[in-house]
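Open your viewer, turn on the cartoon and keep the side chains ready to show. We will go from stop to stop, and at each one you will get something to select and a note on what is there.

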Amino acid sequence: MDNKIKRLPDAELEVMKAVWAAREPVTRAQLEQLLGSKKQWASTTILAMLTRLEQKGFLEREKQGRAYRIRPLVSQEEYIQVESQSALGRMFGGSAKNLIAALHQCHALSRQEVQELADYLEELKQEEE
């Protein structure tokens with residue numbers, strides 16, 4: 001996991017989610033179509049975000065014919081790991097127990113989700129043995 005990965009602003013994260021969802025390199029026009037149903041951003045706005053994301057090392061643009069193909073350099077899984085650790089540290093003092101307690105206290109967990117968490121923790125315990 002790369003410690004250089006920084007938290008993205010919401011708008012840039014939306015662009016990255018579209019790039020990740022494409023599963024293969026896309027052109028800016030294809031990306032605009034993917035984002036079109038969610039956001040009504042101008043082409044220049046998307047281009048500016050792509051430039052920032054490229055400068056931050058999240059993606060690269062490769063010239064292919066008359067268009068550029070956009071592909072991620074940071075996977076969604078890598079970003080989620082870094083963002084999860086960051087949120088856990090910022091909001092819950094690095095404690096997963098505090099996170100679960102907060103979710104429980106605000107009634108955000110159903111009985112089924114609590115059971116799923118218990119089952120998952122049991123699987124983790126079994127793996128460590």
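What follows is a tour of selected residues, with the ground rules first.

This is a predicted model, in which local features need pLDDT of at least 70 and side-chain atom pairs count only at pLDDT 80 or more, while totals for chains, interfaces and linings use all residues. Residues are numbered from 1 along each chain as its sequence is written, and side-chain values use heavy atoms, with hydrogens and water left out.

**Stop 1: before helix 1**

Please select Pro-9, which sits in the segment before helix 1. Helices here are DSSP runs of H or I with at least four residues, strands are runs of E with at least two, and both are numbered from the N terminus. Pro-9 has a relative accessible area of 39%, so it is partly exposed. The classes are buried for under 20% relative accessible area, exposed for over 50%, and partly exposed in between, with a 1.4 Å probe and protein chains only. Now add Gln-126 and draw a distance: the two C-alpha atoms are 38 Å apart, with these positions 117 residues apart along the chain.

**Stop 2: salt bridges**

How many salt bridges does the structure hold? There are 9 salt bridges, each being a side-chain nitrogen of Lys or Arg within 4 Å of a carboxyl oxygen of Asp or Glu.

Select Arg-52 and Glu-12 to see one of them, with N to O at 2.7 Å. This pair connects distant parts of the chain, as Arg-52 belongs to helix 3 (residues 43–55) and Glu-12 to helix 1, 40 residues apart. Is each partner buried or exposed, or something in between? Glu-12 has a relative accessibility of 3% and therefore counts as buried, whereas Arg-52, at 36%, counts as partly exposed.

Next, pick Glu-14 and Lys-17, whose closest N and O atoms are 3.8 Å apart in a salt bridge. Both residues are in helix 1, 3 residues apart, or about one turn of the helix. Lys-17 is partly exposed because its relative accessibility is 37%.

Then jump to helix 6 and select Glu-122 with Lys-125, another salt bridge, at 3.6 Å from N to O. The two are about one helical turn apart because they are separated by 3 residues in helix 6. Glu-122 is partly exposed at 36% relative accessible area, and Lys-125 is also partly exposed, with 49%. Before moving on, add Lys-56 to the earlier pair: Glu-12, Arg-52 and Lys-56 form one network through salt bridges that share partners.

**Stop 3: a patch of negative charge**

Select Glu-113, Glu-116, Asp-119, Glu-123, Glu-127, Glu-128 and Glu-129, which gather on the surface as a patch of negative charge. Members of such a patch have over 30% relative accessible area and no salt bridge, and like charges are joined within 9 Å. Asp and Glu count as negative, with the charge placed at CG of Asp or CD of Glu. Zoom in on Asp-119, which is part of helix 6 (residues 111–128). With 39% relative accessibility, Asp-119 counts as partly exposed.

**Stop 4: two loop residues and their contacts**

Select Thr-27, in the loop between helix 1 (10–22) and helix 2 (28–36). Its relative accessibility is 15%, so Thr-27 counts as buried. Which residues does Thr-27 contact, leaving aside neighbours within four places in sequence? Show Ala-67, Tyr-68, Arg-69 and Ile-70, where contact means heavy atoms within 4.5 Å. Thr-27 and Arg-69 lie 4.8 Å apart from C-alpha to C-alpha, despite 42 residues of separation in sequence.

Now go to Gly-57, in the loop between helix 3 and strand 1 (59–64). Gly-57 is partly exposed, at 31% relative accessible area. Setting aside residues up to four places away in sequence, Gly-57 touches Leu-73 and Val-74. For a C-alpha distance, choose Ile-5: it is 52 residues from Gly-57 in sequence and 8.3 Å away in space.

**Stop 5: positive phi angles**

Finish with backbone angles. Arg-23, in the loop between helix 1 and helix 2, has a positive phi of about 65 degrees although it is not a glycine. Arg-23 is exposed, with 78% relative accessible area. His-107, in the loop between helix 5 (96–105) and helix 6, also has a positive phi, near 60 degrees. His-107 counts as exposed at 70% relative accessibility.

How values were computed. Patches are made of residues with over 30% relative accessible area and no salt bridge: like charges are joined within 9 Å, nonpolar side chains (Val, Leu, Ile, Met, Phe, Trp, Tyr) within 5 Å. Accessible areas come from the Shrake-Rupley method with a 1.4 Å probe; for residues, only the protein chains shown count as cover.
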